[in-house]
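The following note sets out several points for a colleague who is meeting this structure for the first time. Please read each point with the structure in view.

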Amino acid sequence: MIVDLSLPLGEDTPVYPGDPEVKVKPWAFIERDGYYMNALKLGEHSGTHVDAPAHFIPGGKTIDEMPLEKFIGEAFVVDVRDGEGTVKLDEIPDSGYHGRIVLFLTGGRELSPEVALFLVAEGVKAVGTDAMSIGDETVHTILLSEEVPIFENLVNLEALVGRTFTFIGLPLRIEGGSGSPVRAVAIIED
């Protein structure tokens with residue numbers, strides 16, 4: 001079974017305050033041109049997307065420089081919707097992160113720097129959230145300085161609580177990109 005974890009990209013897609021809005025402009029029509037196509041205008045961090053180190057780290061790897069292995073792997077969801085404020089260490093499991101992708105079902109909460117430091121120390125492969133942002137500048141810097149990709153604006157995570165699955169969130173190969181929209185999915189083996 002495949003679970004789609006991506007927001008639809010369109011003019012109603014919410015964007016982080018100050019980021020460019022998503023614009024979809026019809027470009028060609030079958031009746032007129034013999035084919036159909038739209039022109040897109042959007043920021044690299046529109047909709048469900050992944051942050052590359054260059055997003056916060058001077059000289060950090062850009063999205064086209066990141067190894068594809070970083071965007072695919074065994075994953076699980078940590079449900080922290082019941083808490084308040086930033087997500088703290090006592091709200092998450094003590095182990096099981098090494099080499100895995102951990103996705104946080106937060107209801108809009110952000111991670112604390114302590115959680116980010118813990119995840120890096122535990123050897124997490126990538127981190128994701130249903131929130132528009134994983135956390136403040138410090139949280140981004142902690143994760144991205146260790147080349148831990150950050151997936152943001154994930155959806156349908158509640159369907160994955162208590163399950164292990166394969167996560168795939170491949171970015172576009174944007175030259176010099178600080179991030180990229182992704183089509184994120186979970187593959188569940190029944």
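1. Phe71, Phe151 and Phe167 make up a single aromatic cluster. The model is a predicted one, and four aromatic pairs are found in the structure. In one of these pairs, the ring centres of Phe71 and Phe151 are 6.4 Å apart with the planes at 90°, so the arrangement is edge-to-face. This pair connects distant parts of the chain, since Phe71 belongs to the loop between β4 and β5 while Phe151 belongs to strand β8, 80 residues apart. Phe71 is buried, because its relative accessibility is 0%. Phe151 is likewise buried, with a relative accessible area of 0%.

2. A further pair is that of Tyr97 and Phe118, whose ring centres lie 5.5 Å apart and whose planes stand at 85°, so this pair too is edge-to-face. Distant parts of the chain are again linked: Tyr97 sits in the loop between β5 and β6, and Phe118 in helix α2, 21 residues apart. Are these two residues buried or exposed? Both Tyr97 and Phe118 are buried.

3. Helix α3 spans residues 137-145 and deserves attention for its buried side. Which residues of α3 are buried? They are Val139, His140, Ile142, Leu143 and Leu144. An α-helix has 3.6 residues a turn, so residues three or four places apart point the same way. The partners against which the buried residues of α3 pack are β4, α2 (113-121), β7 (126-129) and β8.

4. The two ends of α3 also have features to record. At the N-terminal end, Asp136 acts as a cap, with a side-chain oxygen 3.0 Å from the backbone nitrogen of Thr138. Just beyond the helix, Glu147 adopts a positive phi of about 60°.

5. Glu147 is also one partner of a salt bridge, in which the closest N and O atoms of Lys61 and Glu147 are 3.4 Å apart. The two residues come from distant parts of the chain, 86 residues apart: Lys61 from the loop between β4 (49-51) and β5 (72-79), and Glu147 from the loop between α3 and β8 (150-152). Lys61 is classed as partly exposed because its relative accessibility is 29%. Glu147 is also partly exposed, at 26% relative accessibility.

6. How many salt bridges are counted? The count is seven. Another of them joins the side chains of Arg183 and Asp4, at 2.8 Å from N to O. Arg183 is in the loop between β10 (179-181) and β11 (185-187), whereas Asp4 is in strand β1 (residues 2-4), so this pair ties together parts 179 residues apart in sequence. With a relative accessibility of 60%, Arg183 is exposed. Asp4, at 26%, is partly exposed.

7. A salt bridge between residues that are neighbours in numbering is formed by the side chains of Arg32 and Asp33, with an N to O distance of 3.0 Å. Arg32 is exposed, its relative accessible area being 56%. For Asp33 the corresponding value is 32%, so this residue is partly exposed.

8. Ser112 is located in the loop between β6 (101-105) and α2. Why is Ser112 counted as buried? The reason is its relative accessibility of 2%, where buried means under 20%. A polar atom of the Ser112 side chain lies 2.7 Å from the backbone oxygen of Val87. Apart from neighbours within four places in sequence, Ser112 is in contact with Thr86, Val87, Lys88 and Val139. Val139 also appears among the buried residues of α3.

9. The last point concerns the surface. Leu9, Leu40 and Leu42 make a nonpolar surface patch of about 270 Å². Leu40 is placed in strand β3 (residues 37-41). Leu40 counts as exposed because its relative accessible area is 59%, the limit for that class being over 50%.

Terms used:
Residues are numbered from 1 along each chain as its sequence is written. This is a predicted model: local features need pLDDT of at least 70, side-chain atom pairs count only at pLDDT 80 or more; totals for chains, interfaces and linings use all residues. Side-chain values use heavy atoms; hydrogens and water are left out. Patches are made of residues with over 30% relative accessible area and no salt bridge: like charges are joined within 9 Å, nonpolar side chains (Val, Leu, Ile, Met, Phe, Trp, Tyr) within 5 Å. Accessible areas come from the Shrake-Rupley method with a 1.4 Å probe; for residues, only the protein chains shown count as cover. A salt bridge is a side-chain nitrogen of Lys or Arg within 4 Å of a carboxyl oxygen of Asp or Glu. Helices (H or I, at least four residues) and strands (E, at least two) are DSSP runs, numbered from the N terminus. Buried means under 20% relative accessible area, exposed over 50%, partly exposed in between (1.4 Å probe, protein chains only). Contact means heavy atoms within 4.5 Å. A polar contact is a pair of N or O atoms within 3.5 Å; within protein, one must be able to donate a hydrogen and the other to accept it, and residues adjacent in sequence count only if both atoms are side-chain atoms. Rings of Phe, Tyr and Trp (its six-membered ring) pair if their centres lie within 6.5 Å; planes under 30 degrees apart count as stacked, over 60 as edge-to-face and the rest as tilted.
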